[in-house]
Amino acid sequence: MKIRLDILRKKRGGEPYLQSVLFEYSDPKTTVAAALTEINADPECKDIEGKPIGKIKWECSCLQKKCGACAMVIGGRPSLACDSVLSSLGERVRIEPLRKFPVIEDLTVDRSAVFDRLRDMQVWLDGQAQNDETTTASAYEASRCLQCGCCLEVCPNFCVDDTFVGMAAAVPASRLIAQTDRKQSKELYDLYRKRVYEGCGKSLACRNICPAGIDIDGLLVSSNAAAVWKRKRKRG
Ligand code: SF4
Ligand code: SF4
Ligand code: FES
């Protein structure tokens with residue numbers, strides 16, 4: 001099988017350019033991550049114009065959909081490279097870095113804004129978590145967030161310089177909102193109201209985009225109910 005990979009590249013301090021590679025593979029389960037690894041391992045690899053490719057910079061760690069490091073835009077959709085199977089992408093696909101973050105080089109981006117937002121939201125537990133049937137399901141769902149940033153990519157309201165923190169911080173915050181009450185986490189509840197509820201346009205463009213399959217809109221509804229409307233909601 002063959003696929004043409006149109007990769008948006010950029011050297012440090014340089015201008016972006018597109019480089020196309022014809023990639024051959026035999027295993028139908030081959031992923032974009034495997035293709036990038038193989039291309040980088042082949043010093044003879046050339047693009048479709050016969051020019052040497054040079055190592056394509058991209059990030060990965062677990063290669064098992066657990067760390068979020070390999071998030072990029074594949075065929076126009078923010079996705080994990082280790083979870084994107086070439087055979088499902090047709091004969092030609094465009095691969096780009098996430099567009100909401102500063103590009104470092106090629107497909108690597110600076111996602112420190114995501115982690116800064118987690119710190120800003122004070123997403124840590126002070127005291128005892130309340131674990132009961134109302135809170136545990138929400139807390140478990142929220143705990144699956146990889147901080148990959150795919151939900152931020154499609155969010156019309158998120159930009160790295162704004163106060164709205166986006167779902168990559170709101171989802172972990174919703175875990176603590178589920179497991180604590182306003183008295184225990186007053187600062188977090190207030191921050192949620194200001195930096196999530198008031199900034200989110202409720203467009204739900206982030207619904208169904210999460211590579212971890214997190215029920216983002218369900219968590220939003222539960223956290224809004226608790227932090228804004230002062231009602232704990234039981235997950236169905
Ligand atoms: S909610 Fe999903 S898409 Fe957003 S950062 Fe977490 S894992 Fe990624
Ligand atoms: S509902 Fe809309 S504005 Fe709110 S986080 Fe999702 S995409 Fe962004
Ligand atoms: S490398 Fe960890 S999610 Fe892809």
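**Figure 1. Overview: the order of helices and strands along the protein.** From start to end, the sequence runs through the pattern β-β-α-β-β-β-β-β-α-α-α-α-α-α. What you see here is a predicted model. In total, the protein holds seven helices and seven strands. Its C-alpha trace spans about 65 × 35 × 30 Å along the principal axes. The close-ups below visit the domains, three helix pairs and two ligands in turn.

**Figure 2. Where domain 1 touches domain 2.** Let us start with how the protein is divided: domain 1 covers residues 2-109, and domain 2 covers residues 112-227. Their C-alpha centres are 30 Å apart. Each side brings residues to the contact, with 14 from domain 1 and 14 from domain 2. On the domain 1 side, strand S3 (71-74) and strand S4 (77-80) each supply at least two residues. S4 gives the largest share of that side, with three residues. Sorted by class, the domain 1 side that touches domain 2 has seven nonpolar, two polar and five charged residues.

**Figure 3. Helix H3 beside helix H5.** Here helix H3 (residues 136-143) meets helix H5 (residues 167-179), and their axes come within 8 Å of each other. The two axes cross at roughly 160 degrees, and H3 and H5 are therefore roughly antiparallel to each other. The crossing of H3 past H5 is left-handed. To follow the contact, look for Ser138, Ala139, Ala142 and Ser143 in H3. They meet Val171, Pro172, Ser174, Arg175, Ala178 and Gln179 in H5. The contact of H3 with H5 mixes five nonpolar residues with four polar residues and one charged residue.

**Figure 4. Helix H5 beside helix H6.** H5 appears again, this time with helix H6 (residues 186-197). The axes of H5 and H6 come within 11 Å and cross at roughly 150 degrees. H5 passes H6 in a crossing that is left-handed. From H5, the contact takes Ala170, Ala173, Leu176 and Ile177, while H6 brings Leu188, Tyr189, Tyr192 and Val196. What is the class make-up of the contact of H5 with H6? It has eight nonpolar residues, with no polar and no charged residues.

**Figure 5. Helix H5 beside helix H7.** The partner of H5 in this view is helix H7 (residues 216-227). Their axes are 9 Å apart and the two helices pack at an angle of about 55 degrees. H5 and H7 are therefore oblique to each other. H5 passes H7 in a left-handed crossing too. On the H5 side you will find Met167, Val171, Ser174, Ile177 and Ala178. These meet Ile216, Leu219, Ser222, Ser223, Ala226 and Ala227 in H7. Eight nonpolar and three polar residues make up the contact of H5 with H7, and no charged residue takes part.

**Figure 6. The surroundings of ligand 1.** How many residues surround ligand 1? There are 15 of them, and the closest are Cys145, Cys148, Cys151, Ala168 and Cys210. Helix H4 (150-153) and H5 each supply at least two residues of this shell. H5 contributes the largest share, three residues. The shell around ligand 1 divides into 12 nonpolar and three polar residues, with no charged ones.

**Figure 7. The surroundings of ligand 2.** Ligand 2 has its own ring of names to look for. Among its surrounding residues are Cys155, Asn157, Phe158, Gly166 and Met167. Others in the shell around ligand 2 are Cys200, Gly201, Lys202, Ser203, Leu204, Ala205 and Cys206. By class, the residues around ligand 2 are seven nonpolar, four polar and one charged. One of the residues to recognise is Met167, which surrounds ligand 2 and also takes part in the contact of H5 with H7.

Definitions and conventions: Residues numbered from 1 in each chain as written. Chains lettered and ligands numbered in written order. Predicted model: local features only at pLDDT ≥ 70, side-chain atom pairs only at ≥ 80, totals over all residues. Near = placed C-beta within 6 Å. Nonpolar A, V, L, I, M, F, W, Y, C, P; charged D, E, K, R; others polar. Axes fitted to C-alpha atoms, helices over the stretch in contact; angles between N-to-C directions. Helix = DSSP H or I, 4+ residues; strand = E, 2+ residues; numbered from the N terminus. Parallel < 35°, antiparallel > 145°, perpendicular 65-115°, else oblique. Left-handed = near helix turned anticlockwise from the far one by under 90°. Contact = placed C-beta atoms within 7 Å. Domains from an automatic or database assignment.
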